[in-house]
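Work through the exercises below with the model open beside you. Try each task before reading its solution.

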Amino acid sequence: MRGSLFLSGPSGVGKTHLLNAIGNELERAGGPEYRVACVGAQLFMDELIAALQEGAIERFRGRYRAANALLIDDVQFVGGKERTQEELFHVFNHFHSEGRQLVFASDVPPKAIEGLEDRLRSRFEGGLVVELAAPDRMLREKLFGRFLADANVDATPELLAY
């Protein structure tokens, strides 16, 4: 898979777990030289601020652009942050032009991120956008049953219903 993937959904549906699983699989499939940068949006912003204060913006850019894949969690937090959005826009374009993988996770879809620049919203929406929902009761029971079985716990119907 190449291009961009945008995962959105409410808290607790497994976006961060899915993001990490994608990163692990990309790393496994890519081999020992394949580099995945998986970071929360807040850390991305904090590193950008530090780089700007230290006059080390090229080092910041180089660090992220050296990765083969970039995964950013909680990307909704870049809304309203003009400088962060500018850097993310350029990083996005670099990855896209190189055919590298981009994956973003957010509590809301791109169209609902307040304060997001149109050009960045367009980039996010230009790839595959997947909205995750909480699993229904039957699926939750199956998932809990699998979890309990892996833990060698008897998954009685009463326990699963609880």
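**Exercise 1. Classify arginine 61 and glutamate 87 as buried or exposed, then examine how their side chains meet.**

Step 1. Both arginine 61 and glutamate 87 are buried. Buried means under 20% relative accessible area, exposed over 50%, and partly exposed in between, with a 1.4 Å probe and protein chains only. The model is predicted: local features need pLDDT of at least 70, side-chain atom pairs count only at pLDDT 80 or more, and totals for chains, interfaces and linings use all residues. Residues are numbered from 1 along each chain as its sequence is written, and side-chain values use heavy atoms, with hydrogens and water left out.

Step 2. The two side chains form a salt bridge at 2.7 Å, N to O. The criterion is a side-chain nitrogen of Lys or Arg within 4 Å of a carboxyl oxygen of Asp or Glu.

Step 3. Arginine 61 sits in helix H3 (residues 57-65) and glutamate 87 in helix H4 (residues 82-98), so the pair ties together parts that are 26 residues apart in sequence. Helices (H or I, at least four residues) and strands (E, at least two) are DSSP runs, numbered from the N terminus.

Step 4. Widen the view. Glu58, Arg61, Arg83, Glu86 and Glu87 are linked in a network of salt bridges. The structure holds 11 salt bridges.

**Exercise 2. Which salt bridges do arginine 59 and glutamate 98 form, and how exposed are the partners?**

Step 1. Arginine 59 pairs with glutamate 54, with the closest N and O atoms 3.2 Å apart.

Step 2. Check the surface. Arginine 59 is exposed at 59% relative accessible area. Glutamate 54 is exposed too, at 55%.

Step 3. Glutamate 98 pairs with arginine 100, with the closest N and O atoms 3.7 Å apart. Glutamate 98 is partly exposed at 46%. Arginine 100 is buried at 19%.

**Exercise 3. Place strand S3 among its partner strands, and describe its burial.**

Step 1. Strand S3 covers residues 69-73. Of its 5 residues, 5 are buried.

Step 2. Sort the residues by direction. Ala69, Leu71 and Asp73 point one way, Leu70 and Ile72 the other way, and all are buried.

Step 3. Strand S2 (residues 36-40) runs parallel to S3, joined by 5 bridges. Two strands pair if DSSP finds at least two bridges between them. Glycine 40 has aspartate 73 as its bridge partner in S3.

Step 4. Strand S4 (residues 101-106) also pairs with S3 in the parallel sense, over 4 bridges. Isoleucine 72 has phenylalanine 104 as its bridge partner in S4.

**Exercise 4. What surrounds aspartate 73, a buried residue with no salt bridge?**

Step 1. Find the nearest opposite charge (Lys and Arg count as positive, Asp and Glu as negative; His and the chain ends are not counted). The nearest side chain of opposite charge is lysine 15, 6.4 Å away.

Step 2. Look for a polar partner. The side chain of aspartate 73 makes a polar contact with the side chain of threonine 16 at 2.6 Å. A polar contact is a pair of N or O atoms within 3.5 Å; within protein, one must be able to donate a hydrogen and the other to accept it, and residues adjacent in sequence count only if both atoms are side-chain atoms.

Step 3. List the contacts, meaning heavy atoms within 4.5 Å. Outside its neighbours within four places in sequence, aspartate 73 is in contact with Thr16, Leu19, Val39, Gly40, Ala41 and Ala105.

**Exercise 5. Where does the side chain of serine 106 reach, and what does serine 106 touch?**

Step 1. Serine 106 belongs to strand S4. Its relative accessibility is 0%, so serine 106 counts as buried.

Step 2. The serine 106 side chain reaches the backbone oxygen of valine 108 at 2.7 Å.

Step 3. Not counting residues up to four places away in sequence, serine 106 touches Phe6, Leu7, Ser8, Gly9, Lys15, Val75, Gln76 and Ile113.

**Exercise 6. How many helices and strands does the protein chain have, and in what pattern?**

Step 1. The count is 7 helices and 5 strands.

Step 2. Along the sequence, the pattern is β-α-β-α-α-β-α-β-α-β-α-α.

Step 3. Of the 162 residues, 38% count as buried.

Conventions: Lys and Arg count as positive and Asp and Glu as negative; His and the chain ends are not counted.
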